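Here are a few friendly notes to read with the model open beside you. The points start from one residue and then widen out to the rest of the protein.

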Amino acid sequence: MDANMMAGFDGLPDEDRAIMSSMIEQLQLRDSLRMYNSLVERCFVDCVDSFTRKSLQKQEETCVMRCAEKFLKHTMRVGMRFAELNQNASTQD
């Protein structure tokens with residue numbers, strides 16, 4: 001968990017701090033699962049064309065790998081940009 005986020009909890013009793021920490025961890029897990037599900041759905045819809053086999057065909061597998069790589073790179077870049085903007089906003093205060 002981010003140290004800056006925890007710094008805002010300094011005035012809380014230990015029990016409340018633990019509850020808040022647990023809630024934040026649950027939200028982070030939910031967001032991670034939501035991102036993963038979005039990735040799977042998007043790449044599956046874009047790449048898988050036929051259901052004639054149990055396993056993916058070579059071109060489908062290649063498409064899924066490229067799709068997942070692009071999705072993760074994009075997600076990381078967006079996260080980095082939000083962090084930059086957040087940092088700039090906090091320094092302007």
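1. Let's begin with the neighbours of Glu60. Leaving aside residues up to four places away in sequence, Glu60 touches Cys47, Val48, Asp49 and Ser50. Please keep in mind while you look that this is a predicted model.

2. Where does Glu60 sit? Its place is in helix α3, which covers residues 58-92. Glu60 is buried, yet it has no salt bridge. The nearest side chain of opposite charge is that of Arg53, and it is 7.3 Å away. A salt bridge needs the side-chain nitrogen within 4 Å of a carboxyl oxygen, so a partner at that distance does not qualify.

3. What does the side chain of Glu60 reach instead? It comes to the backbone nitrogen of Gln57, at 3.0 Å. When you zoom in on Glu60, then, there are two things to display: this approach to Gln57, and the surrounding residues Cys47, Val48, Asp49 and Ser50.

4. Now for the charged pairs that do meet. The structure holds 6 salt bridges, and a few of them deserve a closer look. One joins Arg81 to Glu84, with the closest N and O atoms 3.1 Å apart. Both residues belong to helix α3 and are 3 residues apart, about one turn of the helix. Through salt bridges that share partners, Arg77, Arg81 and Glu84 become one network.

5. The other link in that network runs between the side chains of Arg77 and Glu84, which meet in a salt bridge at 3.8 Å, N to O. How accessible is Arg77? Its relative accessible area is 44%, so Arg77 is partly exposed. Arg81, at 39% relative accessibility, is also classed as partly exposed, and Glu84 counts as partly exposed at 32%.

6. Helix α2, residues 14-47, has a salt bridge to look at as well: Arg42 and Asp46 both lie there, 4 residues apart, about one turn of the helix. Their side chains meet at 4.0 Å, N to O. Is Arg42 buried or exposed? With 52% relative accessibility, Arg42 counts as exposed, because the cut-off for that class is over 50%.

7. Staying with helix α2, have a look at Ile19, which is found there. At 42% relative accessibility, Ile19 counts as partly exposed. Together with Met20 and Met23, Ile19 forms a nonpolar patch on the surface, and the three have about 250 Å² of accessible area together.

8. Finally, let's step back to the whole protein. It has 3 helices and 0 strands, and reading along the sequence gives the pattern α-α-α. Of its 93 residues, 13% are buried. The accessible surface comes to about 8000 Å², with 56% of it belonging to carbon and sulfur atoms. Among contacts with a separation of 6 or more, 32% are between residues 24 or more positions apart.

Notes
Residues are numbered from 1 along each chain as its sequence is written. This is a predicted model: local features need pLDDT of at least 70, side-chain atom pairs count only at pLDDT 80 or more; totals for chains, interfaces and linings use all residues. Side-chain values use heavy atoms; hydrogens and water are left out. Helices (H or I, at least four residues) and strands (E, at least two) are DSSP runs, numbered from the N terminus. Buried means under 20% relative accessible area, exposed over 50%, partly exposed in between (1.4 Å probe, protein chains only). Contact means heavy atoms within 4.5 Å. Accessible areas come from the Shrake-Rupley method with a 1.4 Å probe; for residues, only the protein chains shown count as cover. Patches are made of residues with over 30% relative accessible area and no salt bridge: like charges are joined within 9 Å, nonpolar side chains (Val, Leu, Ile, Met, Phe, Trp, Tyr) within 5 Å. Lys and Arg count as positive and Asp and Glu as negative; His and the chain ends are not counted. A polar contact is a pair of N or O atoms within 3.5 Å; within protein, one must be able to donate a hydrogen and the other to accept it, and residues adjacent in sequence count only if both atoms are side-chain atoms.
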